[in-house]
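Student: Hi! I've just opened this one and would like to go through it with you. Where should we begin?

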Amino acid sequence: PPAAMTLNLLDQNNVPVDLYHVVEPNASSQEGAILNNVEPSAVLAMLDESGFDYDVLARTSALIPVAGKVFGNVNIGGQPTETWTTDSRKLRVTFDAPVGTVSIKAYHGGATAASFGRIEAYNAQNQLLDRITSGPITGSTADTLTLTRAAGDIAYVIVRAHAQSSIVLDSLEWGTPGEAQIDSQGAYSFAYLPAGTYRVKPEPQPGHTVTAPAAGCAS
């Protein structure tokens, strides 16, 4: 097959499926915009040590200027801040349906020589499924933390700093894109899909036609 042909993911009714979502604070033109429900398929909240929820805000980073706007919150004194801590300020993302992959950028938070980020994944029964912790984060380069579950059973994640450091968070992504590229051997993958039946439909390059399957898509 031709290299780099695109395959589109469809449901059983041949409706395109796109389970990939992004919350990017830079997409907000307003300083301090509330990001809790900016993406309909998830709810964002700042979680304090007592378990209370607070708003997540778009905030221009003073610590990491190259990042532009990042995920902000309000500290215990009621002041806006861009840092997230080990216990008192954690980011919780609750999905409207379980997902299989989540990633987020973490930057050095400035309180210690190095920062450490952590993602914890939970199922709908509030059981800890898995967690990953970054190595030391320094300077102004982001470390992208990615947590995956082949079972696609992540109901929500909690993102926090680790080892009493603080972090700056940016660019949250989750789910599976609705298209994939095939390689020169015809191989492709749609990773971490929820259980179900799907169809794939190729987009032939100019001058090419789909000969098999006859219906133009395969389950």
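Tutor: Let's begin with strand pairing: two strands pair if DSSP finds at least two bridges between them. Strands themselves are DSSP runs of E with at least two residues, helices are H or I runs of at least four, and both are numbered from the N terminus. As an example, Ile119 has Ile132 in E12 as its bridge partner.

Student: Before we go on, what kind of model is this?

Tutor: It is a predicted model, in which local features need pLDDT of at least 70 and side-chain atom pairs count only at pLDDT 80 or more, while totals for chains, interfaces and linings use all residues. Residues are numbered from 1 along each chain as its sequence is written, and side-chain values use heavy atoms, with hydrogens and water left out.

Student: Cool. How many helices and strands does the chain have?

Tutor: Zero helices and 17 strands. The C-alpha trace spans about 65 × 40 × 35 Å along its principal axes.

Student: Back to E12 then. How many bridges join E11 to it?

Tutor: Five, and the two strands run antiparallel, with E12 covering residues 128-133. E11 and E12 form a hairpin that has five residues between them. In the turn, Asn126 shows a positive phi of about 65°.

Student: What holds paired strands together in general?

Tutor: Backbone hydrogen bonds, in either a parallel or an antiparallel arrangement.

Student: And where does E1 fit? In what order do the strands of its sheet come?

Tutor: The order is E16-E1-E17, an open sheet of three strands with antiparallel pairing. E16 (179-181) and E17 (199-203) are the edge strands, each pairing on one side only. On average, neighbouring strands of this sheet are turned by 30° against each other, direction ignored; the axes behind that angle are lines fitted to C-alpha atoms, and angles in general run from 0 to 180 degrees between N-to-C directions. E1 spans residues 6-10 and is joined to E16 by three bridges. Leu7 has Ala180 in E16 as its bridge partner.

Student: Switching topic: how many aromatic pairs turn up in the whole structure?

Tutor: Three. One of them is Phe95 with Trp174, a tilted pair at 5.4 Å centre to centre and 50° between the planes. Phe95 belongs to strand E9 (residues 90-99) and Trp174 to strand E15 (residues 167-174), so this pair links distant parts of the chain, 79 residues apart.

Student: What are the cut-offs for those labels?

Tutor: Rings of Phe, Tyr and Trp (its six-membered ring) pair if their centres lie within 6.5 Å; planes under 30 degrees apart count as stacked, over 60 as edge-to-face and the rest as tilted.

Student: Are those two rings' residues buried or exposed?

Tutor: Buried, in both cases: Phe95 has 8% relative accessibility and Trp174 has 2%. Buried means under 20% relative accessible area, exposed means over 50%, and partly exposed lies in between (1.4 Å probe, protein chains only).

Student: Why does the pair Tyr122 and Tyr156 count as stacked?

Tutor: Because the ring centres of Tyr122 and Tyr156 are 4.9 Å apart with their planes at 5°. Tyr122 sits in strand E11 (residues 117-122) and Tyr156 in strand E14 (residues 154-161), which puts them 34 residues apart. Tyr122 and Tyr156 are both buried.

Student: Now the charged side chains. How many salt bridges does the search find?

Tutor: Four, where a salt bridge is a side-chain nitrogen of Lys or Arg within 4 Å of a carboxyl oxygen of Asp or Glu. Arg160 meets Asp87 at 3.9 Å, N to O. Arg160 is in strand E14 and Asp87 in the loop between E8 (83-84) and E9, so the pair ties together parts that are 73 residues apart in sequence. Arg160 counts as buried at 14% relative accessibility, whereas Asp87 is partly exposed at 37%.

Student: What else does Arg160 meet in a salt bridge?

Tutor: Glu120, at 3.3 Å, N to O. Glu120 lies in strand E11 and Arg160 in strand E14, so this pair ties together parts that are 40 residues apart in sequence. Both residues are buried. Asp87, Glu120 and Arg160 are linked in a network of salt bridges.

Student: And what distance separates Asp153 and Arg149?

Tutor: Their salt bridge comes to 2.8 Å, N to O. Asp153 is partly exposed, with a relative accessible area of 22%, and Arg149 is partly exposed at 22% too.

Student: Last one: what share of the chain's residues is buried?

Tutor: 44% of the 219 residues.
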